[in-house]
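Visitor: I should like to learn how the features of a protein model are read. May we take them one at a time?

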Amino acid sequence: MRPCEDRLRIDCRVRVAPARGNDFAVQPQTINESAPKTVEAINAIERQADDCYKSLALLALPGNLAIWGALTEGIRLIEGAMATHGDNSSDLDASLINGGRSLTTVIKWVHAHGKPPSKLATHRWTPDVAQKAEQSVRTALQYAAFEAAFPMWHKGRYAAQLIPPRVVRFSSLSTVRERQVSAYQKGFRPTTGEFEGKRAQKTDVRAEAKRLFEATLENAVKEGQCRFRYADPWDLWEELFPEYLARVSGIARRSDSLSLGSYTLGEFNRFYAAVLAVGAAHEHLCWLWGQRQAEFPIRSAVLVWNRPRWTSVFSSLSGVAEEKCRAMLSDLCFSPDHSVDLHVHPFVPLDKARFQIALAAPFPLHSLPDENILLVCSILRPEVFDAASLEKEKELIAKLTDELSRYSPQGPIGLPNPTPDIDLMFVDESDATIAICELKWMRKPIRSGKIPHSDADVTKGIRQLRQIRDYLQRYPEHLKRIGKIARPVNEYRRVQYLLVARDHWPWIEPENNLMIVEYGGFVKAMLKAGSLSEALDGLLGYDWLPEEGRDFTVIFERSIVNGVAVDSEVFFPARPGQVSPAYGL
């Protein structure tokens, strides 16, 4: 698709022909701008979309078979994405993100509107089950656009254009920079220049692991069509465990000693490494079996074990006590009341006793374990999460102090009440430059309706920086007097006030010497530069953000459920032949 011209980038929305013969709004308007008749018509479309589950034949199956069928269909779609796009691509990432959320929706529909589980139901991938599962998962994939758009419309963050009788086109009220920030948070990075993003390459399977995979397959047994069985491959699991423990520990951003209730983050990392070792072994064995038999073992794709077996295997493999593994498994089990994504709650009980538990391995293999378990804690043990959150700022200051030591970092620095403390200050005396930073580490919102609340939490940092700036302008001698800098603030050539946000951040327009930046871009710019002033120049040029037209493009995509439709903005990579959307908040 041709990139937008510079003069058109202020608004890249796709317009439709004006509606005729009606009094509905023909241009996008917020809910507060819309006529009551338009609001009611849009709300009616939302209600009709919410009823899309009523036509799903999957809900007539026993609940355990319906959930197993949905998970199996999810893996079938993921395997198809891997075959088409490879096993390390942004297209696969998009498929996993969409799948993890949409399968959660299907499972909730089964719990709320489906049949109860039956001990007589067998996990057979018949054409009937396959067709019903495919219909349900594809409906949920389409419904995801409705779930994302309507909450933002109700909160005044999206404009809507009603296209009678049953289509709503939603437009984000975003500037060029806001779309860049949105793209950055979806994982887009510059594809050229000094801030070019490079995708991490997958490591090859080690020779010993290959040998153990082959040995496991040699003893595997075919059990009818599209199904196989193998003995517990302990040697293979134990060979894979150290690799996955290193991966989990490498991406963890919090201390191993952090308490998560009855276990620590370090213990959870070992448990999760065991989950990944078992899941990765199963996923690859399924693929190898499919290559040998020319038939993917779809009936075996979902691992279904009883709770004691899951607990025993993970405890033996990780070295963590069974009691703690039992607690962690329970924390990661799907709940229709609060689960939002299979990346967060990958274990899905198939019966009311939560005894038989299913695992679709691609989702935990694609997850961020420490972030997800903290989200779980925020739901199940808010007091533990609150205590853990209090430690985040200290950990972030310690990490930045270590990584950026050449800029003489100091913090936190107390200022007289009611002025907030300075979280972190960087000084380059040779360059006569100071950077005063307020740090905000906010969890990414899982649902679009939570975005305004998260934005407001980050924006508090701007108000705090203004207070700090105002105080230092009134009392420029203060930091010198307490021994933090060599001269009064007003004698430095450059003083920059930065809101450094991690994970979630909205775009906030710069005001004089006060600006918002993202943690990753901040660290990258600081490490690349020869001086603090040079680092600030690189950072505040925002070249580390992806550029619309060069690195990403925004296209309207239509989603249809239950006879109604929404058009919503979808971010795509701006690369020839790349057609999969990068969905996300």
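Guide: We begin with burial: a residue is called buried under 20% relative accessible area, exposed over 50%, and partly exposed in between, with a 1.4 Å probe and protein chains only. Helices (H or I, at least four residues) and strands (E, at least two) are DSSP runs, numbered from the N terminus. In helix α5 (residues 176-185), the buried residues are Arg 179, Gln 180, Val 181, Ser 182, Ala 183 and Tyr 184. This is a predicted model, in which local features need pLDDT of at least 70 and side-chain atom pairs count only at pLDDT 80 or more, while totals for chains, interfaces and linings use all residues. Residues are numbered from 1 along each chain as its sequence is written, and side-chain values use heavy atoms, with hydrogens and water left out.

Visitor: Against which elements do the buried residues of α5 pack?

Guide: Contact means heavy atoms within 4.5 Å. The buried residues of α5 pack against β11 (514-518), α17 (519-528), β12 (552-561) and β13 (564-573). After α5 comes Gly 187, with a positive phi near 105 degrees.

Visitor: How is a nonpolar core recognised, and which residues of the largest one touch the most other members?

Guide: In soluble globular proteins, nonpolar side chains tend to be buried together. A nonpolar core is a set of buried Ala, Val, Leu, Ile, Met, Phe, Trp, Tyr and Cys residues joined through side-chain atoms within 4.5 Å. The largest core here has 60 residues, and Phe 426, Leu 498 and Phe 522 touch the most other members. The element that gives the most to this core is β9, with 7 residues. A second, separate core has 59 residues, among them Ala 41, Ile 42, Cys 52 and Ala 149.

Visitor: What is in contact with Phe 426?

Guide: Leaving aside neighbours within four places in sequence, the contacts of Phe 426 include Leu 404, Tyr 407, Ser 408, Phe 522 and Met 526. Ser 408 lies in the loop between α14 and β8 (424-428), and it is partly exposed at 40% relative accessibility. With the same neighbours left aside, Ser 408 is in contact with Met 425, Phe 426 and Val 427. Ser 408 and Val 427 are 19 residues apart in sequence, and their C-alpha atoms are 5.7 Å apart in space.

Visitor: How many salt bridges does the model contain?

Guide: A salt bridge is a side-chain nitrogen of Lys or Arg within 4 Å of a carboxyl oxygen of Asp or Glu. By this rule there are 37 salt bridges. One of them joins Glu 214 and Arg 292, with the closest N and O atoms 2.3 Å apart. Because Glu 214 lies in helix α6 (residues 207-218) and Arg 292 in helix α8 (residues 265-293), this pair ties together parts that are 78 residues apart in sequence.

Visitor: Is Asp 503 buried or exposed?

Guide: Asp 503 is buried, with a relative accessible area of 13%. Its side chain meets that of Arg 253 in a salt bridge (2.7 Å, N to O). The pair links distant parts of the chain, as Asp 503 is in strand β10 (residues 494-503) and Arg 253 is in the loop between α7 (234-251) and α8, 250 residues apart. Arg 253 is partly exposed, at 23%.

Visitor: How is empty space found, and how many cavities of 30 Å³ or more are there?

Guide: Rolling a probe the size of a water molecule over the atoms shows where empty space is left. On a 1 Å grid over the protein atoms alone, a cavity is a set of points where a 1.4 Å probe fits but cannot get out; a pocket is an open set with protein on both sides within 12 Å along at least five of seven lines, and lining residues have an atom within 4 Å of a point. Grid points are joined across faces, edges and corners, and a volume is the space filled by probe spheres set on the points. The search finds 2 cavities of 30 Å³ or more. The second largest cavity has a volume of about 60 Å³, and its lining includes Ile 75, Glu 79, His 282 and Phe 296. The largest share of that lining, 3 residues, comes from α8.

Visitor: Which residues are closest to the centre of the second largest pocket?

Guide: This pocket holds about 760 Å³ of space. Of its 31 lining residues, Phe 385, Lys 392, Met 442, Arg 443 and Asp 457 are the closest to its centre.
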